[in-house]
Amino acid sequence: MILQANLVTGTSILSAGGIGIEEVWQSILEKRQNITQRIKTLKDNECIQYPVYEIENFDLSNWLSKKQIDVMIENHLIDDLDFKLLVLSSILALKNAKLQDKPNSKVSLIVAHENPGVVSLIDRMFMDDDYINKARNVREKFALHQQQFYNLQSFPHLFYLSKILNISGSTFIVNNACASGTYALELGNLLINSNQSDVVLIVSSDYAHFTEYLWLQQRGFCSESGMIRPFDKNRDGTVLGDSASGIVLESSHHAAARNAPIKCCYQGAELQQDHWKMTLPDVSKHTYSKIIKKIMEDLNIHELDLLVPHATGSPLWDKYEANQIARCFQDKTMPLITAFKPYIGHSLGASSLSETVLLIQSLVTNLIPPILNYGEVDHKIPLPTIATEFENKDLHHVMKTVSAYGGFHSASLFSKI
């Protein structure tokens with residue numbers, strides 16, 4: 001049930017397109033695809049090379065105080081790439097919301113992440129000669145990287161990130177695979193509606209690690225052509241991307257009291273769980289189309305202007321999404337369909353929040369980017385409204401949908417104020 005509408009007052013995004021929403025949006029306007037070959041050199045000079053939409057190196061000292069940097073150094077987080085992305089996306093989102101100072105406000109923090117701390121530990125285990133060859137037993141191996149083992153418990157990331165940001169409200173880590181960001185956003189909505197928070201900062205990140213690539217490649221999920229082509233006849237898989245993003249969600253009365261910049265209204269989300277197969281949706285239940293229909297009925301919204309699906313470029317998964325969208329809108333006006341993964345890559349657990357940030361930017365600017373690399377119609381994809389050119393349109397209601405590994409489905413709806 002939708003109790004009331006809360007407001008999005010700040011966003012941030014980091015991707016191969018740049019640092020911050022202005023740089024990333026400009027890269028989309030220029031149709032840039034910054035794909036590089038990431039080379040990971042392991043012990044004995046073994047190399048793993050894979051395509052990535054790669055975020056350029058950045059210096060956190062440009063945004064953080066020495067005291068904040070020292071917290072990261074003391075706790076072995078200064079080289080944790082996922083944590084660095086979380087920190088910077090948080091700082092930029094709060095700045096975008098003009099909320100750096102938070103006196104007398106109940107501010108909460110939700111981190112959407114699939115594997116906090118894992119990348120940092122794996123790198124050391126694969127690349128540290130002392131760990132591999134010199135440590136004589138388990139105790140000595142553990143002693144070499146005990147802080148990284150400790151950080152795997154997830155809660156240290158909440159502790160240190162809230163410490164750096166000076167956030168004292170409730171804190172959570174959410175992991176619902178590729179739907180983590182939209183699940184986290186709805187959790188933030190519930191915190192505000194239950195008066196536990198005035199403001200919730202939702203952040204996510206994913207550094208495209210070689211272990212993620214190897215796992216997905218083995219399952220045929222990675223594009224052989226190195227190109228993401230959602231819904232195109234020649235689509236053959238996805239390409240990973242580094243990404244991080246943040247959304248500041250705020251109660252309407254709190255935003256009004258501080259004259260906050262308002263981007264849009266977050267209407268709410270419909271979330272539902274399938275449990276047929278871990279890596280395949282249950283096509284017989286039509287969960288995807290049902291949640292889109294339900295959230296629109298709950299909000300009494302009869303027409304949707306724009307929908308951004310998961311759109312990974314997978315032959316099978318794209319077909320599932322297309323059929324479900326067509327099923328939902330068979331007796332309604334179908335919204336325009338676009339996708340952002342061809343611009344920033346697939347960032348797994350960070351993808352839904354990052355693409356939501358870009359969807360909000362579309363809503364704010366009334367500009368719909370086309371699906372990049374879409375060139376040939378697949379007649380088995382029943383989506384006649386795919387955006388193939390930039391389109392200016394007065395947008396009122398827009399939606400982000402996800403169907404993720406683990407059976408996690410979400411449909412999140414945003415409206416212009």
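In this predicted model, the charged end of Lys 84 is placed over the ring of Phe 58, at 5.4 Å from the ring centre. Phe 58 itself is buried, because its relative accessible area is 17% and the limit for a buried residue is under 20%. Phe 58 also takes part in an aromatic pair with Trp 63. The two ring centres are 6.4 Å apart and the planes meet at 80 degrees, so the arrangement is edge-to-face. Trp 63 has a relative accessibility of 31% and is therefore classed as partly exposed.

The pair of Phe 58 and Trp 63 belongs to a wider set, since 11 aromatic pairs are found when the whole structure is searched. In general, two values describe such a pair, namely the distance of the centres and the angle of the planes. For Trp 317 and Tyr 405 these values are 5.7 Å and 55 degrees, and the pair is tilted. Trp 317 belongs to helix H13 (residues 315-328), whereas Tyr 405 is located in the loop between strand E15 (397-403) and strand E16 (408-415). The pair therefore ties together parts that are 88 residues apart in sequence. With a relative accessible area of 6%, Trp 317 is buried; Tyr 405, at 22%, is partly exposed. Both residues are members of a cluster, linked by ring pairs, that also contains Trp 215 and Phe 221. A second charged residue is placed over a ring in this part of the model: Arg 219 lies over the face of Trp 215, 3.7 Å from the ring centre.

The packing of helices is illustrated by H3 (residues 81-96) and H8 (residues 155-165), whose axes are 11 Å apart and form an angle of about 35 degrees. Their crossing is right-handed. On the H3 side, the contact is made by Phe 83, Leu 86, Val 87, Ser 90, Ile 91 and Leu 94. The partners in H8 are His 157, Tyr 160, Leu 161, Ile 164 and Leu 165. Sorted by class, the residues of this contact comprise 9 nonpolar and 2 polar ones, with no charged residues. A general property of the α-helix is relevant here: with 3.6 residues a turn, residues three or four places apart point the same way.

Tyr 160, located in helix H8, is buried, with a relative accessible area of 11%. Apart from residues up to four places away in sequence, Tyr 160 touches Val 71, Asn 75, Leu 77, Phe 83, Gln 147 and Asn 151. Lys 293, by contrast, is 40 Å from Tyr 160 in space, C-alpha to C-alpha, and 133 residues from it in sequence.

Helix H4 (residues 118-127) contains a run of buried residues, Val 119, Ser 120, Leu 121, Ile 122 and Asp 123. Among the elements that cover these residues are strand E3 (35-41), helix H3, helix H7 (146-151) and helix H10.

Burial is also found outside the helices. Ile 228 is located in the loop between helix H10 (210-218) and strand E8 (240-241), and its relative accessible area is 0%, so it is buried. Its contacts, not counting residues up to four places away in sequence, include Tyr 53, Thr 312, Lys 341, His 346 and Leu 372. The contact with Leu 372 joins residues that are 144 places apart along the chain, with their C-alpha atoms separated by 8.2 Å. A contrasting case is Arg 136, in the loop between helix H5 (129-134) and helix H6 (138-144). Arg 136 has a relative accessibility of 70% and is therefore exposed. The C-alpha atoms of Arg 136 and Leu 383 are 60 Å apart, and the two residues are separated by 247 places along the chain.

Two asparagines were examined for their backbone angles. Most residues other than glycine have a negative phi. Asn 195, however, has a positive phi, near 65 degrees. Asn 195 lies in the loop between helix H9 (180-193) and strand E7 (199-206) and is exposed, with a relative accessible area of 56%. Asn 366 likewise has a positive phi, near 55 degrees. Its position is in the loop between helix H15 (351-365) and strand E13 (367-368), and its relative accessible area of 22% makes Asn 366 partly exposed.

Notes:
Residues numbered from 1 in each chain as written. Predicted model: local features only at pLDDT ≥ 70, side-chain atom pairs only at ≥ 80, totals over all residues. Heavy atoms only, no water. Axes fitted to C-alpha atoms, helices over the stretch in contact; angles between N-to-C directions. Helix = DSSP H or I, 4+ residues; strand = E, 2+ residues; numbered from the N terminus. Left-handed = near helix turned anticlockwise from the far one by under 90°. Contact = heavy atoms within 4.5 Å. Nonpolar A, V, L, I, M, F, W, Y, C, P; charged D, E, K, R; others polar. Phe/Tyr/Trp six-rings, centres within 6.5 Å; stacked < 30°, edge-to-face > 60°. Buried < 20%, exposed > 50% of the residue type's maximum accessible area, 1.4 Å probe, protein only. Lys NZ or Arg CZ within 6 Å of the ring centre and 35° of its normal.
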